[in-house]
Amino acid sequence: MKSTSAEKNAAPSQETAVLGHDGIGAIKIHENVVAQLARRAVLEVEGISRLAGSTLVDDIATLVGSRRMQSRAVTVILGEESKVEIEIKVVLEFGYCIPDVAAQAQTAVVELVENTTGMSVVKVDILVQEIDDPEKEELEELEDGAADAVNALPLN
């Protein structure tokens, strides 16, 4: 069944939420705005290292100006009546209590999104996908350096 342009205009896009009407027209917010706010709130929480994803792919995406990494790490579901659900995939720093950091992240996201947009955040899922361990990374770098030094020795 083919939809008419009137039907398309009647239903809000899945990517935007209608916040209200001001007499001149509708006030809408795009899901990218909510994702950007959620990302900012989470990255300010002590113990969160970064958003989850492939570091190499994310670095390349950043260099070319792509925002795809952001869409992989933050999922926004816009609902009826200005309600929103958010899922954020993060990497924690080693040594922090996961439940405490996740709870702080949830609170930070709710406060920033609700205060900035006026929307009602009904759910914030924090998915911890990895833990950054600086000691392990230093050890791996030392091992790689030692292997490089051994490989550089002459075989005479």
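This passage describes the fold, the nonpolar core and selected local features of a predicted protein model.

The protein chain contains 6 helices and 6 strands. Read along the sequence, these elements follow the order α-β-β-α-β-α-α-β-β-α-β-α. Among the contacts of the protein chain with a separation of 6 or more, 67% join residues 24 or more positions apart. The chain comprises 156 residues, of which 25% count as buried. Its accessible surface amounts to about 10,800 Å², and carbon and sulfur atoms contribute 52% of that area.

In soluble globular proteins, nonpolar side chains tend to be buried together. In the present model, the largest nonpolar core consists of 29 residues, and the members that touch the most others are Val 42, Val 84, Ile 86, Ile 88 and Val 109. Two or more residues of this core come from each of α2 (31-43), β3 (48-51), β4 (74-78), β5 (83-93), α5 (98-117) and β6 (120-132). Helix α2 makes the greatest contribution, with 6 residues. When residues up to four places away in sequence are not counted, Val 109 touches Ala 38, Ala 41, Val 42, Ile 86, Ile 88 and Val 124.

Helix α2 was examined further with respect to its length and burial. The helix has 13 residues, which at 1.5 Å a residue should span 18 Å; the end C-alpha atoms of α2 are 18 Å apart, in agreement with this expectation. The buried residues of α2 are Val 34, Ala 35, Leu 37, Ala 38, Arg 39, Ala 41 and Val 42. An α-helix has 3.6 residues a turn, so residues three or four places apart point the same way. Of these buried residues in α2, Ala 38, Ala 41 and Val 42 are among the contacts of Val 109.

Val 110, the next residue to be considered, lies in helix α5. Val 110 counts as partly exposed because its relative accessibility is 24%, a value between the limits of 20% for buried and 50% for exposed residues. Apart from neighbours within four places in sequence, Val 110 is in contact with Asn 115, Val 121 and Val 124. Val 124 is also touched by Val 109. The C-alpha atoms of Val 110 and Val 84 are separated by 9.9 Å, and these two residues are 26 residues apart along the chain.

The loop between β4 and β5 contains Glu 81 and also Ser 82. Glu 81 has a phi near 55°, a positive value in a residue other than glycine. Ser 82, likewise not a glycine, has a positive phi of about 60°. As to accessibility, Glu 81 counts as exposed because its relative accessibility is 69%, whereas Ser 82 is buried, with a relative accessible area of 14%. The cut-offs behind these assignments are over 50% for exposed residues and under 20% for buried ones.

At the surface, Phe 94, Ile 98 and Ile 131 make a nonpolar patch of about 280 Å². Ile 131 is found in strand β6, an element that also gives two or more residues to the largest nonpolar core. With a relative accessibility of 42%, Ile 131 counts as partly exposed.

Conventions: Residues numbered from 1 in each chain as written. Predicted model: local features only at pLDDT ≥ 70, side-chain atom pairs only at ≥ 80, totals over all residues. Heavy atoms only, no water. Helix = DSSP H or I, 4+ residues; strand = E, 2+ residues; numbered from the N terminus. Buried < 20%, exposed > 50% of the residue type's maximum accessible area, 1.4 Å probe, protein only. Contact = heavy atoms within 4.5 Å. Areas by Shrake-Rupley, 256 points an atom, 1.4 Å probe, with all protein chains shown as cover. Core = buried A, V, L, I, M, F, W, Y, C linked by side-chain atoms within 4.5 Å. Expected span 1.5 Å × (residues − 1). Patch = residues over 30% accessible without salt bridge, like charges linked within 9 Å, V, L, I, M, F, W, Y side chains within 5 Å. Salt bridge = Lys/Arg side-chain N within 4 Å of Asp/Glu carboxyl O.
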